Every structure is written in structure tokens, then in C-alpha cells.
Amino acid sequence: MDTRVAITGVSRAHSEDAIRQRIDNAITLFYDVEASCSRFRPDSEVRRLLLCVGEPVAVSPLLYHPLRFALTIADITAGRFDPAVGRRMEQLGFVVDYQSGRSIASSSAPEDASYRDIELDDEHQTVTLHRPVVIDLGAVAKGFAVDLAALQLQALDGFVIDAGGDIYAGGVRPSGEPWRVGIRHPRIPDAMVTTLAISNRAVCTSGDYERRSPVVPDASHIVLPRGGGKTPISATVIAPYAMMADALSTAAMLLQPDEGRALLTDCGAEGLLIMPDLSTCCTDRWEVYIHE
């Protein structure tokens with residue numbers, strides 16, 4: 001996933017070796033999800049779908065569940081959030097596998113492919129591509145892996161999973177207090193916008209500063225919808241699950257601030273949106289989580 005994963009766990013009832021084993025098991029899940037969902041790996045499940053266009057393909061839960069969730073968010077946002085954006089990501093130069101250094105692209109995929117070209121069968125857990133679609137699950141797969149890892153750590157008194165800005169904080173700190181999470185300023189290096197106090201919640205931040213296109217000036221890894229209007233430069237979301245916070249933070253980056261705020265509220269999440277002029281827009285209960 002081209003990101004550093006750090007896990008901290010504390011427990012009075014478990015030995016250090018037992019805690020370490022749970023953390024090791026949790027880390028393994030990130031590799032498993034990547035093996036299924038990475039568009040950069042020619043042998044991944046999501047990449048192999050391109051070999052069977054027009055045919056239903058049975059896939060594992062590690063691909064099916066995040067893809068199902070991504071399509072749900074695509075439907076809610078009328079396609080402005082779209083997991084079929086892989087071909088456009090390739091055109092922006094995001095084609096290199098961080099592990100092997102090899103480039104992978106699909107020139108045969110149509111530029112106008114959309115989530116509507118992807119059909120799921122919940123009963124048989126199959127995926128059918130009606131056209132060659134390069135699926136990009138970068139906005140959900142990491143959060144999904146964080147959620148699976150969190151299940152491995154539920155028996156601990158407290159734990160924090162930090163996967164490159166996708167964070168889940170379970171339980172409490174050794175002091176009995178909630179965990180503290182700092183929110184990065186999108187324009188001032190090493191500065192924080194605020195600090196949150198959370199327990200049993202995920203916090204995910206998307207920003208236009210995270211990854212820049214190597215071939216298109218001023219373009220980031222977040223593919224903005226065509227058309228006018230100002231969208232946020234940073235979106236932080238608090239939600240019960242990391243996959244939910246991950247997807248919604250990306251979706252909010254693609255919407256006008258009022259639309260993004262409404263989306264978060266409708267989905268039962270809290271969020272902070274920072275605009276290009278550094279003005280902010282937040283949900284009604286965002287301030288409940290601010291650490292004083």
C-alpha cells in the first residue's frame with residue numbers, strides 16, 4: 001500500500017509476547033488485502049478481472065467487501081466518487097508499483113469507464129466488468145485493512161493503528177483517557193490544525209498534498225470531478241469504521257463543502273473540511289472530539 005503501518009497495543013491481561021503476536025497477525029492482514037485489491041500488481045484479484053471482461057468472476061471477501069462499499073459511495077455521490085477511476089490515475093502517472101518499481105498500465109481501458117460498468121452479485125459474490133475497467137480501491141482498501149486489523153486487537157485494553165493517516169483508536173490509553181490524534185495542517189509543514197480525543201473510532205484525512213502527479217503539474221492523486229466549483233484541500237472524517245472514514249474523506253474532497261458536510265451528516269460521521277483559502281467547514285458534532 002506504499003505506506004508505513006504502526007500499531008501500538010496495551011493490555012494488563014496479556015503478556016508482551018501475546019500482544020506482539022496479535023500485532024503481527026494484524027500486520028499480515030495489510031499484505032493480504034493488498035494482494036487482492038492492488039491495481040499495481042498483475043496477479044491481484046482486482047487486476048485479473050480485466051482478463052474476464054463480460055464474465056462473472058468469483059472473488060474473495062477481501063476484494064468483494066471493499067468494492068461493494070466503494071460502489072455504494074459512488075452511487076450516493078452520483079459518481080463523483082468512483083472506483084472506476086483507475087485509467088485516469090494511470091494517465092496522471094500513478095503507475096509504479098512501490099515494491100517492484102515496475103510500471104503497469106491498461107491502454108485498452110476506455111477513459112469514460114465508470115462504476116456503472118461494474119456489476120456485483122451478492123448471492124454468488126461475483127464481479128462482472130461490462131467493459132474493461134481499471135478499478136482503483138485506494139480510497140477504501142487501506143481502511144478495510146485497518147478494520148480487519150482492529151478485529152485482531154479487540155481483546156486488548158487499548159490500541160492504535162496508524163496506516164499513513166488512516167487511524168483507528170480502540171479502547172483507551174494506559175491512563176484511562178481517550179487516545180489523542182493530531183490533524184495535519186494542509187499547507188504548513190509540521191503544523192497541526194487541531195488535536196482530537198477519540199476512543200473506538202477511526203480518523204482518516206485526505207489531502208491534495210499527499211501524493212502529487214509525476215507528469216501533470218498541480219495534479220494530486222485525488223481525481224477531481226470535471227466542472228467548476230471549489231473543493232476542499234483537506235478533509236478529515238471521524239467514523240465508527242476506518243473504511244467508512246477513508247471513503248468519506250476522499251468523497252468529501254470531491255464535493256462542494258455544503259455537499260460534503262451533508263454527506264458526512266447523512267452517513268453518521270463527523271468531519272472537518274479545509275478550503276483553498278484555509279476557511280473551514282465542519283459537521284455539528286465535530287467539536288465534541290476536540291481535545292482541550
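**An open three-strand sheet and two local details**

Three strands make up an open, antiparallel sheet, ordered 2-4-3. The model is predicted.

Reader: What makes strand 2 and strand 3 edge strands?

Author: Strand 2 (56-58) and strand 3 (118-121) each have a single partner strand, so one side of each has no neighbour in the sheet. From one strand to the next, the twist averages 25°.

Reader: How do you know that strand 3 and strand 4 are paired?

Author: Pairing requires at least two bridges between the strands. Strand 3 and strand 4 (residues 126-129) are joined by four bridges and run antiparallel, so the pairing condition is met. Among the partners, Glu119 has Thr128 in strand 4 as its bridge partner, and Ile118 stands opposite Leu129. Strand 3 and strand 4 form a hairpin with four residues between them, and Gln125 in the turn has a positive phi of about 55°.

Reader: What makes strand 2 and strand 4 a pair?

Author: Three bridges, in the antiparallel sense, link strand 2 and strand 4; the rule asks for at least two, so they pair. In one of these strands, strand 4, Thr126 is the bridge partner of Ala58.

Reader: Which way do the side chains of strand 4 point?

Author: Thr126 and Thr128 point one way, Val127 and Leu129 the other, and all are buried. In a regular strand, side chains alternate between the two faces of the sheet.

Reader: Why is His185 called buried?

Author: His185 has a relative accessible area of 14%. Buried means under 20%, so the term applies. His185 is located in the loop between strand 7 (179-184) and strand 8 (192-198). Leaving aside neighbours within four places in sequence, His185 is in contact with Ala191, Met192, Val193 and Leu278.

Reader: What makes the approach of His185 to Arg187 a polar contact?

Author: A polar atom of the His185 side chain lies 3.0 Å from the backbone nitrogen of Arg187. The limit for N or O atoms is within 3.5 Å, so the distance condition is met.

Reader: Why are Phe159 and Tyr168 called a stacked pair?

Author: The count by the ring rule comes to one aromatic pair. In that pair, Phe159 and Tyr168 are 5.9 Å apart centre to centre, with 20° between the planes. Ring centres must lie within 6.5 Å and planes under 30 degrees apart count as stacked, so both conditions are met. Phe159 and Tyr168 are also buried.

Methods
Residues are numbered from 1 along each chain as its sequence is written. This is a predicted model: local features need pLDDT of at least 70, side-chain atom pairs count only at pLDDT 80 or more; totals for chains, interfaces and linings use all residues. Side-chain values use heavy atoms; hydrogens and water are left out. Rings of Phe, Tyr and Trp (its six-membered ring) pair if their centres lie within 6.5 Å; planes under 30 degrees apart count as stacked, over 60 as edge-to-face and the rest as tilted. Buried means under 20% relative accessible area, exposed over 50%, partly exposed in between (1.4 Å probe, protein chains only). Axes are lines fitted to C-alpha atoms, for helices over the stretch in contact, and angles run from 0 to 180 degrees between N-to-C directions. A polar contact is a pair of N or O atoms within 3.5 Å; within protein, one must be able to donate a hydrogen and the other to accept it, and residues adjacent in sequence count only if both atoms are side-chain atoms. Contact means heavy atoms within 4.5 Å.
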